[in-house]
Amino acid sequence: MNTLFTKSLAGSVITVTSSLSDNSSRATSGYSTKTKDAERAQDVSSSADIALQQDSGVTVSLNYSVESAEAIAPEQLDGLASLSQRLAKSPSSSNPLFTDKATATDAVSFTGFYYAAADGITADQLAEKLHTALSSVPGSGTQLTDSMDLAMTQAKLNKLVDENIAADWQPLARQTVQQFIQAKVTIQDNEWQSVAKQDIALAASRGDDASQAQAESDLAVLQAGNSHHQQLRTAFLELTRDTTNSDDWFSTFSAAIHGKGALEYEEQMHVQALSKQWQAL
């Protein structure tokens, strides 16, 4: 019996077990081993998981097509088996992470987390924790509280990584979190600029030159990334990324509230809700 292990650049593993003589089979770099019978079979699909069993005794198992190949040393097989087990992890489609419309879209950004989960953490458990981390508390919706929400999403995701991702995968997981947060920053900026543009159009339709000029000025500041709330958001994100004292986080949030009356009350209640959610993690 001869066994050949090959790996594509995409990480696929091919196992070929053959009882044939060297005259009836061969392996060259970049190609899987085939018998003459197998060569007459239909080409392997690039996306299907296919096993071909011939009477000649050759079995070829593919997860993906092989565009190029390299030999795998026997001592690497244990690591590849471990990787295969990680890749097999998949949460249920009925998990709240996917059934909740508020988190279903964002869930796509963290599919790699299941492969890197720490020992003892199931895919569904991790998905449920992601659902909590990506869920915002209800209420408010001002630029200030939106900035708080994003900072706390970052804090919750980083906590999830620290407690549920295998240590050797945590640096990459934290990079994923930062990429996700930066994408959300861009989305917020676009939303805030869209509101400013609507204010410009409304002022122009009314012939209100003073309001139009103010809205145009506000838009220019937003486009430069220098608005008051953009600066606060940057400070909030640095706070929850680089420090661990959550009491300081929430006192900083509260100190940034300068609204009056109902607005102040709503924003303060929002800070309390964020604090309560964090303490429940």
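**A lysine over a tryptophan ring, and the helices around it**

In this predicted model, the charged end of K159 sits over the ring of W278, 5.7 Å from its centre. K159 has a second partner too: it forms a salt bridge with E163, where the closest N and O atoms are 2.8 Å apart. The two residues of that bridge are four places apart in helix α6, so about one helical turn separates them. With a relative accessibility of 24%, K159 is partly exposed.

W278, the ring under K159, belongs in turn to an aromatic cluster that it forms together with F236, W249, F250 and F253. The model has six aromatic pairs in total. One of them joins W249 and F250, with ring centres 6.5 Å apart and planes at 65°, which makes the pair edge-to-face. Both partners are tucked away from the surface: W249 is buried at a relative accessible area of 3%, and F250 is buried as well, at 7%.

The cluster leads on to the nonpolar interior. F253, a member of the aromatic cluster, is also one of the two residues with the most contacts inside the largest nonpolar core, the other being F113. That core takes in 43 residues. Helices that each supply at least two of them are α5 (123-134), α6 (143-164), α7 (170-206), α9 (228-242), α10 (246-255) and α11 (262-279). Helix α6 gives the largest share, with nine residues. Once neighbours within four places in sequence are set aside, F253 is in contact with M148, A151, M152, F236, V271 and L274. F236 thus turns up twice, as a contact of F253 and as a fellow member of the aromatic cluster. Apart from this core lies another one, made of six residues that include A196, I200, L219 and L222.

Helix α6 is worth a further look. T153 lies in this helix, and at 8% relative accessibility it is buried. Leaving out residues up to four places away in sequence, T153 touches A133, L134, F180 and I181. Ahead of the helix, in the loop between α5 and α6, is S140. The phi angle of S140 is near 55°, a positive value in a residue that is not glycine. S140 is partly exposed, with a relative accessibility of 33%.

Back to the charged side chains: the structure holds five salt bridges, the K159 and E163 pair being one of them. Another is formed by K184 and D106, whose closest N and O atoms are 3.0 Å apart. Here K184 comes from helix α7 and D106 from helix α4 (residues 101-107), so the bridge ties together parts that are 78 residues apart in sequence. The two ends of this bridge fall into separate accessibility classes. K184 is partly exposed, at a relative accessible area of 22%, whereas D106 is buried, at 14%. A further bridge brings the side chains of R233 and D189 together at 2.8 Å, N to O. R233 lies in helix α9 and D189 in helix α7, so this pair links parts that are 44 residues apart in sequence. Both R233 and D189 are buried. Helix α7 therefore has a residue in each of these two bridges, K184 in one and D189 in the other.

Zooming out, the protein chain has 11 helices and five strands. Of its 281 residues, 35% count as buried. Among contacts with a separation of 6 or more, 62% are between residues 24 or more positions apart.

How far the model can be trusted varies along the chain. The mean pLDDT is 78, and 68% of the residues reach 70 or more. Over residues 1-70, however, pLDDT stays under 50. The model still has 103 contacts beyond four places in sequence for that stretch. Where pLDDT is low, though, the predicted coordinates should not be read in detail.

How values were computed
Residues numbered from 1 in each chain as written. Predicted model: local features only at pLDDT ≥ 70, side-chain atom pairs only at ≥ 80, totals over all residues. Heavy atoms only, no water. Phe/Tyr/Trp six-rings, centres within 6.5 Å; stacked < 30°, edge-to-face > 60°. Buried < 20%, exposed > 50% of the residue type's maximum accessible area, 1.4 Å probe, protein only. Lys NZ or Arg CZ within 6 Å of the ring centre and 35° of its normal. pLDDT = per-residue confidence, 0-100. Contact = heavy atoms within 4.5 Å. Core = buried A, V, L, I, M, F, W, Y, C linked by side-chain atoms within 4.5 Å. Salt bridge = Lys/Arg side-chain N within 4 Å of Asp/Glu carboxyl O.
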